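Biologist: Got a minute to go through this one with me? I'd like to start with the aromatics.

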Amino acid sequence: MCIKMQQPTTTTAATRRQTSCSNSKMLQMLLLALLLLLLLSGQIEPVDGLKVTASLITNHNYPVEEHTVHTPDDYILTIYRIPTSPKLQAQNQTQEKKKPVVFLQHGILCASDDWIINGPETSLAYMFADAGYDVWLGNARGNTYSRQHKHIHPDTSDFWKFSWHEIGVYDLAAMLDFALAVSDSKSLHFVAHSQGTTTYFVLMSSLPWYNEKVRTVHLLAPIAYMRNHSFILSKLGGMLLGSPSVLSWVLGNMELLPITSIQKILCEHVCSVGSMLKFLCSGLLDFIGGWGTRHLNHTLLTDVCETHPAGASTTQIIHYLQLYTSGDFRQYDHGKEQNEIIYRQAEPPSYNVQNINSCVNMYYSDNDYMSAVEDVEYLATLLPCADLYRIPYKDWNHYDFLWSVNVKEVINNRIIDKMHRYDMEHDAAISF
């Protein structure tokens with residue numbers, strides 16, 4: 001086992017995750033009311049989600065390809081490719097060298113938009129393309145871009161009978177295989193945020209031969225063990241849904257937070273530039289991801305609102321709540337009787353993370369309600385090789401990994417540098 005920990009360059013004596021004094025009780029009540037409204041949005045008329053990945057990429061003069069991927073259980077996923085950069089086109093016309101491949105996977109209730117809405121100067125997808133990479137953006141089943149199945153309609157509960165386990169062993173595996181086949185490559189770099197990291201742990205633990213298909217791995221706000229998870233609604237949800245029950249059976253296998261007409265109105269009148277209520281939008285991200293961040297790029301709030309939440313299955317949330325309650329990183333708990341049928345044992349099997357033999361770079365922070373420092377560092381002790389980078393800002397939260405004003409300097413440049421060094425050393429070793 002190899003663990004490398006890079007300590008923050010600046011620290012304070014303040015305790016972790018302190019609630020900002022400026023957050024009033026009124027704001028918290030408004031945010032809770034808004035969250036409740038969103039949770040009930042399944043009863044509100046859904047509308048077509050705003051699919052902006054391709055158009056935004058094109059608007060910035062980058063080439064984009066849209067591809068369809070079929071999973072072994074017949075879900076139909078839409079993924080995107082940025083094969084080159086306009087900044088490199090002149091060079092590419094005379095140089096036919098194969099590009100290294102990088103694949104990016106989003107978190108829960110998110111989509112491929114996460115990696116591009118920051119704009120071409122600071123969004124990781126564009127930065128990868130500018131650095132000479134063949135860039136692929138994944139979309140998991142159930143989100144705005146992947147609401148299709150060969151036989152099942154998304155209006156039925158059967159469509160939503162999945163958790164992030166299926167996203168890992170079916171969706172992620174199929175998308176990686178597809179990107180490698182089209183790019184004519186044997187391996188790729190992998191980057192993920194939040195649930196995207198969970199699906200990586202699931203895939204590499206369950207189907208360990210996929211470890212051979214990755215070069216470097218970069219996991220932002222990684223989530224596997226959730227013993228120290230601090231989101232207040234998770235504590236409540238854990239009591240109600242953290243163990244198999246009639247309630248979890250009733251609430252499972254439903255569509256969670258699709259784009260609705262209410263949300264569109266919210267984006268237009270609450271999160272828009274100049275709105276007096278814009279603080280509600282940033283406050284909701286703080287409420288979920290960590291109070292008090294000073295890093296969020298507030299100019300992105302309208303774009304974030306229009307594309308998030310992107311939809312998921314309630315079973316994904318219930319599965320996370322089970323992890324919180326059990327303290328283990330394991331498969332979905334269907335109850336003793338069903339577990340005996342499905343797993344041939346009373347308890348769901350734990351994921352064997354020791355099967356993950358590729359060296360994993362994990363980026364984590366003190367003010368992340370979803371990915372606790374203690375859980376990340378515990379996970380690192382179980383992995384054969386882990387390189388930890390703890391963000392040197394005490395207020396950095398779950399969404400700053402994507403949309404902070406300084407994400408380029410804190411995260412993106414570091415990832416690209418590690419990938420470049422790996423590629424140079426690998427190519428040199430092959431040449432030698």
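**Aromatics and a helix**

Modeller: Sure, and keep in mind the model is predicted. Trp136 has 0% relative accessibility, so Trp136 counts as buried.

Biologist: Which ring does Trp136 pair with?

Modeller: Phe178. The two are edge-to-face, 6.1 Å centre to centre with 80° between the planes. Trp136 is in strand 5 and Phe178 in helix 5, 42 residues apart, so the pair links distant parts of the chain.

Biologist: Is Phe178 buried or exposed?

Modeller: In between: Phe178 is partly exposed, at 24% relative accessible area.

Biologist: How many aromatic pairs are there?

Modeller: The count comes to 23. One of them is Tyr80 with Tyr145: the ring centres are 5.7 Å apart and the planes at 85°, so that's edge-to-face. Tyr80 sits in strand 3 and Tyr145 in the loop between strand 5 and strand 6, so the pair ties together parts 65 residues apart in sequence.

Biologist: And how accessible are Tyr80 and Tyr145?

Modeller: Tyr80 is buried at 3%, and Tyr145 is buried at 4%.

Biologist: Switching topic: which rings does Arg141 sit over?

Modeller: Its charged end is over the ring of Tyr75, 4.0 Å from the centre. Arg141 also lies over the face of Phe162, at 5.5 Å from the ring centre.

Biologist: OK, helix 12. What covers its buried residues?

Modeller: The cover includes helix 5, helix 6, helix 7, helix 8, strand 9 and strand 10. Among the buried residues are Ile318, Tyr320 and Leu323.

Biologist: What comes just after helix 12?

Modeller: Gly327, with a positive phi of about 75°.

Note on methods
Residues are numbered from 1 along each chain as its sequence is written. This is a predicted model: local features need pLDDT of at least 70, side-chain atom pairs count only at pLDDT 80 or more; totals for chains, interfaces and linings use all residues. Side-chain values use heavy atoms; hydrogens and water are left out. Buried means under 20% relative accessible area, exposed over 50%, partly exposed in between (1.4 Å probe, protein chains only). Helices (H or I, at least four residues) and strands (E, at least two) are DSSP runs, numbered from the N terminus. Contact means heavy atoms within 4.5 Å. Rings of Phe, Tyr and Trp (its six-membered ring) pair if their centres lie within 6.5 Å; planes under 30 degrees apart count as stacked, over 60 as edge-to-face and the rest as tilted. A charge sits over a ring if NZ of Lys or CZ of Arg is within 6 Å of the ring centre and within 35 degrees of the ring normal.
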